[in-house]
Amino acid sequence: MAVPGHADRVRRFVRVLASVAVGDGEYARLKDPAYLELLAAVTTVYDIGLLVILPVAVMKPCRLDADETAVVRGHTTTGSEVRVGLAAGNPSGLAALSIAAEVVRSHHQRWDGTGYPDGSLGSAIPLSGRVVAVVSVYEAMRSSRPYRRPFSHTRAVRFIAAESGSQFDPALQAAFVASAVEFDKVCHVSMK
């Protein structure tokens, strides 16, 4: 589903989040300009696997049944497999395609291990996927859908703040809260 300004917003959200995130340990990668540019670029395709799902399931205006939910959840593995396949045939783009595959597969993982497709827990989830988890939830909440109006910035911030340690990496959730005003600015500029 094409949402106007989506690609620009998610790239900008990644940069904002990285600028405020702690700069030590594994998070130091978010301060590396080359890694950050790759991550920002590939973030725009985190839901590429949705292209293989029936539009009726993605655009359904009410709750999905168990079979439809299973199909939609498959977008993470399908999209990742496409990216891995592309990486195998394109050695010069291996770094970008590898990070893209990582993001596509892991952006629905949850810090507490209850996410999908792998049920990875905590720092076992790739950093790129943890960043995109925060960014994609904020983007989804602030964008309109066929079945609902966009949420307010305040509601989105409250939700993400409340999910620290369960859905989101606590360090990245704290960086989000610290940079929430900047996230809102990105939305206001992009959604005009």
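**Salt bridges and a buried loop residue**

Reader: Quick one to start: is Arg130 buried or exposed?

Author: Arg130 is buried, with a relative accessible area of 4%. Keep in mind that this is a predicted model.

Reader: OK, and which residue does Arg130 form a salt bridge with?

Author: That would be Glu26, and the closest N and O atoms are 2.6 Å apart. Arg130 sits in helix α7 (residues 127-142) and Glu26 in the loop between α1 and α2, so the pair ties together parts that are 104 residues apart in sequence.

Reader: What about Glu26, what does its accessibility look like?

Author: Glu26 comes out at 29% relative accessibility, which counts as partly exposed. Arg130, on the other side of the pair, is buried at 4%.

Reader: How many salt bridges turn up in the whole structure?

Author: A search of the whole structure gives ten. One of them pairs the side chains of Glu37 and Arg15, at 2.9 Å from N to O.

Reader: Where do Glu37 and Arg15 lie?

Author: Glu37 is in helix α2 (residues 33-43) and Arg15 is in helix α1 (residues 6-20), so this bridge links parts that are 22 residues apart in sequence. Glu37 is partly exposed, with a relative accessible area of 41%, and Arg15 is also partly exposed, at 30%.

Reader: Got one within a single helix? Say, how far apart in sequence are Lys185 and Glu182?

Author: Three residues, both in helix α10 (residues 180-190), so about one helical turn separates them. Their side chains meet in a salt bridge at 3.2 Å, N to O. Lys185 has a relative accessible area of 44%, so it is partly exposed. Glu182 is partly exposed too, with 36%.

Reader: And which residues are joined into one network by salt bridges that share partners?

Author: Glu26, Arg130 and Asp169.

Reader: Why would side chains like these pair up at all?

Author: In general, side chains of opposite charge can pair when their charged atoms come close.

Reader: Changing topic: where is Gln167?

Author: Gln167 is in the loop between α8 (153-162) and α9 (170-178).

Reader: Buried or exposed, that Gln167?

Author: Buried, at 16% relative accessibility; the cut-off for buried is under 20%.

Reader: So what is Gln167 in contact with, leaving aside neighbours within four places in sequence?

Author: Gln109, Arg110 and Trp111, plus Val137 and Phe159.

Methods. Residues are numbered from 1 along each chain as its sequence is written. This is a predicted model: local features need pLDDT of at least 70, side-chain atom pairs count only at pLDDT 80 or more; totals for chains, interfaces and linings use all residues. Side-chain values use heavy atoms; hydrogens and water are left out. A salt bridge is a side-chain nitrogen of Lys or Arg within 4 Å of a carboxyl oxygen of Asp or Glu. Helices (H or I, at least four residues) and strands (E, at least two) are DSSP runs, numbered from the N terminus. Buried means under 20% relative accessible area, exposed over 50%, partly exposed in between (1.4 Å probe, protein chains only). Contact means heavy atoms within 4.5 Å.
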